[in-house]
Amino acid sequence: MSGFRGIAAISGYAETPFSRARVDKGEPRLTAEEYYAWALELLLKQTGLEKKDLTGQGVGIIGSEWPHSEIWSAEAIQNLGLEPKLLVRADHGGANAAALLVQGVLAIQAGYVEHFLMLGADTPLSITGPASRTWRYDENYLKPFGTMGPNSLIAMAMRRYMNDYGAKPEHFGTVSVVQRKHATLNPNAYLKTPLTMEDYLNSRLISDPLRLLDICIWVNGGFAILLSSASAAKRITDKPVSILGFGEWHNPNAGQPMHDITTTGVKIAAEQAYKMSGITPRDVSLFQPYDDYTVAVLMQIEDAGFCKKGEAGRFLEENDISYQGQLPVNTGGGQLSAGQAGMAGGFLHFVEAARQLRGEAGQRQVKDARIGLVTSLGCVGFEGHFINNYAVVLGGEV
Amino acid sequence: MSSYPKPLPEVTPLTKPFWEASKRGELLLQRCKNCSTYIWYPRHICINCGSRELEWVKASGKGKVYSYTIVRQVIGNSPEFSKEIPFVVAEIELDEGARICSNIVGVKPEDVSIGMPVEVFFEECTPEISLPKFKPAR
Ligand SMILES: [Zn+2]
């Protein structure tokens with residue numbers, strides 16, 4: 001498949017304010033249901049659509065930490081009063097938004113629906129019931145040894161990455177510091193206090209070599225993104241953001257008992273996305289890689305082809321990744337500083353890309369933003385490699 | 001119920017032979033009868049060739065540290081682990097060609113390194129479960 005242009009576009013996006021449910025600081029403590037409702041209302045306002053315009057269209061919803069009903073997509077549309085023709089649910093963790101986007105654009109390309117509404121909200125800081133049970137391989141073969149979820153697995157990937165490629169703490173710090181700078185220019189970011197490299201290096205070790213400032217910050221929040229056919233998108237907005245290409249790959253090297261945990265499947269996904277869209281890494285004006293951890297950003301800079309494997313550290317020394325630089329990265333602060341809304345965290349990168357490509361990013365607007373690349377990662381596997389991997393190429397007026 | 005305060009693996013029909021052997025101080029690995037691939041963690045099918053003919057075989061118990069981390073804060077696991085902090089969680093590449101996650105003990109955390117040769121020993125947690133742990137190879 002090549003030349004995906006002119007088929008589907010992001011025709012609207014919405015992001016609620018984020019909260020850490022600190023009622024003592026005046027922050028709201030809302031449920032996931034409330035965030036879904038809030039995000040949908042914001043999207044309807046932005047697009048000017050009425051809810052009935054979405055009847056008989058597509059809806060995709062993510063799994064959330066709570067409520068984790070077996071019939072969650074049904075419960076959610078009942079709560080929201082939606083009546084779709086196509087209803088899908090994603091369970092790809094950090095890659096949930098990318099997973100829904102690919103399913104949505106394929107349904108639009110097939111002509112099955114004209115619109116596909118992507119919904120994602122989560123409230124990791126105010127779970128009102130038992131949290132979802134985690135993965136069996138975690139319960140049985142990791143936790144008994146004192147692993148602390150993804151923190152421990154990613155810390156080991158980071159150690160191995162530093163060992164193999166000579167990356168230094170300052171390289172990870174650059175990602176943390178620059179993304180915080182972006183967050184200071186993003187009114188909706190949760191962490192807006194400027195950071196210095198010294199702050200990064202002094203931040204406490206959670207799981208050597210992983211520091212506190214290498215880790216994203218959980219927030220409660222919700223998102224809605226509307227995908228539409230190219231012609232329908234033009235009726236909704238004069239600034240549709242075209243889906244130019246995409247790729248995905250799951251559980252790379254599945255048959256091997258040992259994985260190189262310093263390379264992500266984004267390498268394969270990005271190759272597909274570049275081929276489908278007919279662009280190269282040089283054409284990318286902004287890059288929104290999944291950033292649950294700083295090391296993931298370095299790996300994706302390499303795997304998406306901006307430099308050779310192992311050279312992201314040097315790339316960061318020689319290039320500016322701020323919104324004014326050669327390769328603007330996570331221009332809204334990303335999950336490291338704007339916040340990770342639990343299982344909806346991966347929506348952030350698509351919303352920020354759409355905002356930039358529509359020229360709506362305010363003080364942090366990238367000049368001449370034409371092509372955006374979003375890469376998403378989901379599910380840290382047994383050895384610390386990512387199972388779900390996506391790349392999506394987005395474009396403004398082409 | 002056991003009084004062991006930290007999480008333990010569940011013993012299933014699939015993994016019973018492994019945990020039985022652990023009590024005897026033997027580390028087992030699954031090996032595919034069709035393609036000889038060694039597998040950890042335990043599966044119902046060979047991840048390489050798709051054969052369900054997997055057998056438990058005794059492993060050497062020797063390997064090298066592929067990567068490791070020094071855990072300094074308990075997040076999302078038993079608070080009991082806070083008594084042991086700092087401790088080392090590692091991925092160990094076994095000589096047979098499979099990777100297992102465990103702890104490296106009997107060495108200061110700062111003296112652990114990638115590539116360090118290690119060997120298995122077993123820590124009895126309950127009458128049913130002895131966990132395979134690793135220490136520097138002699
Ligand atoms: Zn086999």
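These legends walk through several close-up views of a predicted model.

The model is predicted, so local features need pLDDT of at least 70, side-chain atom pairs count only at pLDDT 80 or more, and totals for chains, interfaces and linings use all residues. Residues are numbered from 1 along each chain as its sequence is written, chains are lettered from A and ligands numbered from 1 in the order in which they are written, and side-chain values use heavy atoms, with hydrogens and water left out.

**View 1. The zinc ion and its four cysteines in chain B.**
Look for B:Cys32, B:Cys35, B:Cys46 and B:Cys49: each one offers its SG atom to the zinc ion, at 2.3 Å. Donors here are N, O and S atoms within 2.8 Å of the metal (3.2 Å for Na, K and Ca), and water is not among the atoms, so sites may look incomplete. Along the sequence, the donor residues follow the spacing C-x2-C-x10-C-x2-C. The angles among the four donor atoms run from 103 to 116°, and the site is tetrahedral. That label is given to four donors if all angles lie between 85 and 135 degrees. For comparison, the ideal angle for four tetrahedral donors is 109.5 degrees.

**View 2. Two of the zinc donors, B:Cys32 and B:Cys35, and how covered they are.**
B:Cys32 is buried because its relative accessible area is 1%. B:Cys35 has 26% relative accessibility, so it counts as partly exposed. The cut-offs are simple: buried means under 20% relative accessible area, exposed means over 50%, and partly exposed is in between (1.4 Å probe, protein chains only).

**View 3. A three-stranded open sheet in chain B.**
The order of strands across this sheet is E2-E1-E3, with antiparallel pairing. Strand E2 (38-39) and strand E3 (54-58) are the edge strands, each pairing on one side only. Strand E1 (residues 28-32) is joined to E2(B) by two bridges, and these strands run antiparallel. Zoom in on B:Arg31 and you'll find B:Tyr38 of E2(B) standing opposite. Two strands pair if DSSP finds at least two bridges between them. In general, strands of a sheet pair through backbone hydrogen bonds.

**View 4. Chain B as a whole, the setting for the views above.**
Chain B has one helix and eight strands, in the pattern α-β-β-β-β-β-β-β-β along the sequence. Helices (H or I, at least four residues) and strands (E, at least two) are DSSP runs, numbered from the N terminus. The C-alpha atoms fill a box of roughly 45 × 40 × 25 Å along the principal axes. Of the 138 residues in chain B, 48% are buried. Its accessible surface is about 6600 Å², and 48% of that belongs to carbon and sulfur atoms. Accessible areas come from the Shrake-Rupley method with a 1.4 Å probe, and for residues only the protein chains shown count as cover.

**View 5. A:Thr375, tucked into a strand of chain A.**
Chain A has 13 helices and eleven strands, and A:Thr375 sits in strand E10 (residues 371-380). With a relative accessible area of 0%, A:Thr375 is buried. Leaving out residues up to four places away in sequence, A:Thr375 touches several partners, including A:Val266, A:Phe287, A:Tyr290 and A:Tyr390. Contact means heavy atoms within 4.5 Å.

**View 6. A:Thr16, in the loop between strand E1 (8-15) and helix H1 (32-47) of chain A.**
A:Thr16 counts as buried because its relative accessibility is 0%. Setting aside residues up to four places away in sequence, its contacts include A:Tyr35, A:Trp38, A:Ala39 and A:Leu42. A:Asn188, A:Gly221 and A:Gly222 are also among the residues that A:Thr16 touches.

**View 7. A:Glu27, in the loop between E1 and H1 of chain A.**
A:Glu27 is at 15% relative accessibility, so it counts as buried. Apart from neighbours within four places in sequence, A:Glu27 is in contact with A:Ser19, A:Arg20, A:Ala21, A:Arg22 and A:Tyr190. If you pull back to find A:Val241, its C-alpha atom is separated from that of A:Glu27 by 33 Å, with the two 214 residues apart along the chain.

Technical notes: Tetrahedral: all angles 85-135°; square planar, octahedral: opposite > 155°, others 65-115°.
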